[in-house]
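Visitor: I'd like a close look at one part of this molecule: the places where charged side chains pair up. Could you walk me through them, and then show me what else is worth seeing around there?

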Amino acid sequence: ARFANLAQSPKAMGERLLEHSQEDEKPKLYPIRFVQIAVYFFILFSFGFAQNAFAPVQNVVRDTYDQSAINVNLLAMVIPICNVPLSFGTGYLFAHRGLRFSLITAAVGPLLVSGWVRYAGSISGVRSFGVVFLGQVVGACGMPAGLAASALLSETWFSEEGRTIATAVGGLAPIIGSVASALVAPAMFTDGASRDENYESFSTFMLVMAVANTVVAIAAGAGLRNQPPTPPSLSAANDRAHHSETEQISLRESIRGALSNFHLVTLMIVFGGGYGSINALTTLINQILSPLGYSNDDIGNISASMGLGVVGSFVFGFLLDVFKRHVLTLKLCAVASGIFFLLFEIFLYVVPGQHPWLLFATFGLQGFFGIPIVPMVLEIGVETLYPMHEAVSAAFLWQSGNLLGLVFVVTATYMQQPCVDTPQPGGGSACVYQPDSMLHAMIFLGAMFGLAVLGSLSFHGPLKRQEYGRQQREELARPLSLNA
C-alpha cells in the first residue's frame, strides 16, 4: 500500500503541494549551494584518488612490498567489495538522518582515518602492506555514503535548470580523482630507484594523501549544511512534504520497491556494465600496457586522457539542462563510447607497433562519451523512482557499478596469461609477461561494455520528476491566465 501511494500520478502528488507552496514556501536558490557542491566534490575526489592511487605504479608497489599483482589490485578492489554490503543502508541513512550528518559520519570520518592509517603503514619501522591495506578498507567503508549523496544534494540545493550539472559534478568527482592519481602517482617515484628509495617515496605519497584528506574533512565539517531554508524547485518542495511519509518505509521495503522496477534494473545493467568495464580497465591499465613495452610515463598519460570525460560531462550536462533529452543522449553516448572502446583494443593488439598517441586519443574519446553516462544514469534513476528518496536509486546504481567492476577486475586478472621464463641480456632468466597476455581479458571487458550499450538502447523508462515539474508549473500558471 505504501508503494502504491508513492507511485501515484504526478498530478495527484502535486495537489497537496500546490496549496502548500502557494501559502508557505516558494522555490528559491541560495549562493551557499556552490559551497555544498564544492565540498562534496572534494570528498568524492579524495575517494577516487585513493582508489586508483596504486594502479599506475603497480609494478613499483609490487616490488617494493614484495606482493603479487592480485594483492596490489586488491587495494583498488576493496572499495567495491565494501560497497556491495554497505550501500544497502545508505538510502535509509540519508532519509532518516539527513545530508550533513550522513556525509560527515559515514563518509568524511572514514576518509580522514584512512589517510593516516595508510601513512602509518608506510613509515620507517613499520612498512607493512597489511596496514596500508587496512587503511584502504577503512576508506572503502565511507565511499558508499559519499556516492549515494550525489542526486540528493543536487535535488536539495539546485533548481531544475542546474540539477544535471550539479549531479555531474558530484558523480564525476571520483573519476576526476582517479585521473589525477594517474598523473600524480608516477611523478612521486623515480625510474630505476632502489627499494629503500621507493619506500621513502611511497611514504611521502601517503603523507600527502593523509594531509589532503584532513583538509577536506575540516572543510566538510565547516561547510556542509543539511538543506536550504526553502526548497529550490517544485519537485524539491514536494520532497519535503512527501519525505515525512517515505521516511517510515523500511530498508527492506525500499529494496523491494527499487528492484521490482524494471526500468531501474535496466539502468543498473547499463551503469554496472559501463562503469564496471571502465573501472576495470583503469585498474588494470598497467598490466595491459606494460607487457606491450609502454613506460610508466606513457601509461600515466594514457590513463589521464580519461579526463576528457570531465569535459564531455559538462558539455552534455549543459545540453541536458537546456533540452532535457536524457534518454536519447544516453543512447548516443553509449554507442559512441563503445566504438572508441573497440578502436582502443584494435590499436593495442591488431595494429603492429606502439601507438601511445593513438591510444591516448581513443582512450580519451571513450571517456569523453562514456564518463557522462555516469551522471546521466544517476539523474534518470531518480526520475525513474520518483518520488522515492533520491539516495535509493543512487545507492543501487553505484552498487551495480562497483559489484560488476569488482567481478570484472577479478575475472580479467585471472584471464591474464602466465609469465614465461625469458633469457636476460646480462645472463639468467626472468619471468616476463608476453605482449598479448591480457588479450583475452580485453575481449571480455569489451563484451561487457557491449552489453551495457545494448541495455542503453533498450531503455524506454519514464521521466516522472520532469513530468511532475511540468504539470505543477501548468497548475501554478493557470490562475494567472484566468485573472488576465
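Guide: Let's start with Arg127 and Glu200, whose side chains form a salt bridge with 3.1 Å from N to O. Keep in mind that this is a predicted model. Side chains of opposite charge can pair when their charged atoms come close. The pair joins distant parts of the chain: Arg127 sits in the loop between α7 and α8, Glu200 belongs to helix α11, and 73 residues separate them.

Arg127 has another partner. Its side chain also meets that of Asp196 in a salt bridge, this one at 3.9 Å from N to O. Again distant parts of the chain are linked, since Asp196 lies in helix α11 (residues 195–223), 69 residues away from Arg127 in the loop between α7 (99–120) and α8 (129–148). Put the two pairs together and you get a salt-bridge network of Arg127, Asp196 and Glu200.

Are these three buried or exposed? Arg127 has a relative accessible area of 24%, so it counts as partly exposed. Glu200 is partly exposed too, at 45%. Asp196 reaches 52% relative accessibility, so it is classed as exposed; the cut-off for that word is over 50%.

How many salt bridges does the count come to? The answer is three. Besides the two at Arg127, there is one between the side chains of Asp63 and Arg62, with 3.9 Å from N to O. Arg62 has 22% relative accessibility, so it is partly exposed.

Arg62 also takes you to a pocket. It is one of the residues lining the second largest pocket, among them Gln58, Asn59, Asn286, Gln287 and Tyr433. That pocket has a volume of about 220 Å³. Three elements, α4 (58–65), α15 (285–289) and β2 (429–432), each give at least two residues to its lining, and α4 supplies the largest share, three residues. Sorted by class, the lining has five nonpolar residues, six polar and one charged.

Now for the closed spaces. There are six cavities of 30 Å³ or more, and the largest has a volume of about 320 Å³. Its lining counts 28 residues, and those closest to the centre are Ile175, Tyr275, Ile278, Asn279 and Ile371. Two or more lining residues come from each of α3 (33–52), α10 (163–187), α14 (262–283), α20 (373–385) and α22 (439–458). The largest share is from α14, with eight residues. Here the lining has 17 nonpolar and 11 polar residues, and no charged ones.

Let's finish back at α7, one of the helices on either side of the loop that holds Arg127. Helix α7 has 22 residues and spans 31 Å from first C-alpha to last, close to the 32 Å expected. There is a kink in it, though: about 35 degrees at Val108, shortly before the proline Pro110. Both Val108 and Pro110 are buried, and other buried residues of α7 include Leu99, Leu103, Leu111, Gly115 and Arg118.

Methods. Residues are numbered from 1 along each chain as its sequence is written. This is a predicted model: local features need pLDDT of at least 70, side-chain atom pairs count only at pLDDT 80 or more; totals for chains, interfaces and linings use all residues. Side-chain values use heavy atoms; hydrogens and water are left out. A salt bridge is a side-chain nitrogen of Lys or Arg within 4 Å of a carboxyl oxygen of Asp or Glu. Buried means under 20% relative accessible area, exposed over 50%, partly exposed in between (1.4 Å probe, protein chains only). Helices (H or I, at least four residues) and strands (E, at least two) are DSSP runs, numbered from the N terminus. On a 1 Å grid over the protein atoms alone, a cavity is a set of points where a 1.4 Å probe fits but cannot get out, and a pocket is an open set with protein on both sides within 12 Å along at least five of seven lines; lining residues have an atom within 4 Å of a point. Grid points are joined across faces, edges and corners, and a volume is the space filled by probe spheres set on the points. Ala, Val, Leu, Ile, Met, Phe, Trp, Tyr, Cys and Pro count as nonpolar, Asp, Glu, Lys and Arg as charged, and the others, Gly among them, as polar. The expected span of a helix is 1.5 Å times one less than its number of residues. The bend at a residue is the angle between axes fitted to the seven residues ending there and the seven starting there.
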